Amino acid sequence: MMNSALLCFVAAIAWGAPAASEGVALSPLPAQLELLIKAYPDLDASRCTSQLLVWNDGTSVPISPQLAGRPDDQQLADATIRDQLLLVYPKGWPFEVPRVNHDPGRLRCDAFFRKVYGAAAKDVERQLIRVPWPPAGQGASVPFSNANGAAEALRKVGEELSTLTSEIRTSVNRPCGTYNWRTIAGADRPSPHSFGIAIDFTLPKHLHRYWLWGRGKNGGEPIYPAEVLDDTAMRAIVETFEKHGFIWGGKWYHYDLMHFEYRPELL
Ligand SMILES: [Zn+2]
């Protein structure tokens with residue numbers, strides 16, 4: 001059920017939506033903003049508009065128009081909130097091989113993540129807690145952000161996966177990275193691992209795939225490992241993560257099969 005503050009917000013964003021006659025490319029932004037507000041309870045629904053996100057403490061981040069026509073690398077480097085919400089994540093299984101440049105969740109507004117999870121390494125680290133990861137054995141744990149329910153969501157994923165078949169459990173028994181304050185290789189923007197909301201695994205060899213390792217000749221376009229579409233173990237793993245608010249990098253054109261990221265606004 002929608003509460004009154006959320007109704008107020010939905011009314012505000014409907015009012016603020018641009019008219020088609022203005023020539024602005026329309027995206028289903030209000031619905032996606034509504035999901036964002038539900039997924040990040042520290043946002044103040046009564047004060048958010050189609051132009052601005054406002055948190056309960058008064059902090060705000062502009063949503064900013066989608067700047068059409070920017071080169072992909074520039075869009076990745078300075079994504080706005082609108083960019084971040086634009087592409088629809090294909091929850092569930094089966095799914096189709098991602099279309100060219102369809103990377104839902106890969107565009108991230110830096111100001112948004114710094115506000116939610118920490119502006120600098122020391123701020124993120126203050127919110128890290130150890131989360132049990134039973135697929136890796138009794139007592140195993142990984143650091144993850146306790147902000148916005150991320151750590152609790154990961155705990156539930158690990159608990160559920162540990163009850164599934166041994167093939168599934170052994171596929172995720174080697175977590176190889178969660179928190180790491182760093183920029184993305186070859187880029188100048190923070191990795192989602194910088195915020196303690198992503199987890200990578202050393203997967204079985206046939207699944208351990210990353211788009212930069214699987215390009216065509218002369219550094220061409222990524223070649224999607226379509227055999228993963230029929231992998232029942234991966235299906236169970238992905239469905240469990242998605243159930244608890246995580247997206248999977250295997251659904252990106254620039255695929256990263258080892259990567260799961262807490263992004264409840266996209267699910
Ligand atoms: Zn990763």
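Contact here means heavy atoms within 4.5 Å. All views show a predicted model.

**View 1. Surroundings of Gln 84 in helix H4.** Helix H4 covers residues 81-86 and includes Gln 84. Neighbours within four places in sequence are left aside. Gln 84 then touches Leu 107, Arg 108, Cys 109, Phe 112 and Phe 113, along with Arg 263, Glu 265 and Leu 266. Its relative accessibility is 2%. Gln 84 is therefore buried, since the cut-off is under 20%.

**View 2. The side-chain link between Gln 84 and Glu 265.** A polar contact connects the two side chains at 3.4 Å. Glu 265 is also among the residues in contact with Gln 84.

**View 3. Protein donors of the zinc ion.** His 193 donates through NE2 and His 259 through ND1. Asp 200 appears twice, each time with an OD atom. The donors lie 2.1 to 2.7 Å from the zinc ion. Angles between the four donor atoms run from 53 to 155 degrees, so the arrangement is irregular. Tetrahedral geometry would need all angles between 85 and 135 degrees.

**View 4. Strands S6 and S8 at the zinc site.** The donor residues follow the spacing H-x6-D-x58-H. Asp 200 sits in strand S6 (residues 198-201), and His 259 in strand S8 (residues 259-262). The pair therefore ties together parts 59 residues apart in sequence. Asp 200 is buried, at 14% relative accessible area. His 259 is buried as well, at 4% relative accessibility.

Conventions. Residues numbered from 1 in each chain as written. Predicted model: local features only at pLDDT ≥ 70, side-chain atom pairs only at ≥ 80, totals over all residues. Heavy atoms only, no water. Helix = DSSP H or I, 4+ residues; strand = E, 2+ residues; numbered from the N terminus. Buried < 20%, exposed > 50% of the residue type's maximum accessible area, 1.4 Å probe, protein only. Polar contact = N/O pair within 3.5 Å; in protein donor to acceptor, adjacent residues only side chain to side chain. Donors = N, O, S within 2.8 Å, 3.2 Å for Na, K, Ca; no water. Tetrahedral: all angles 85-135°; square planar, octahedral: opposite > 155°, others 65-115°.
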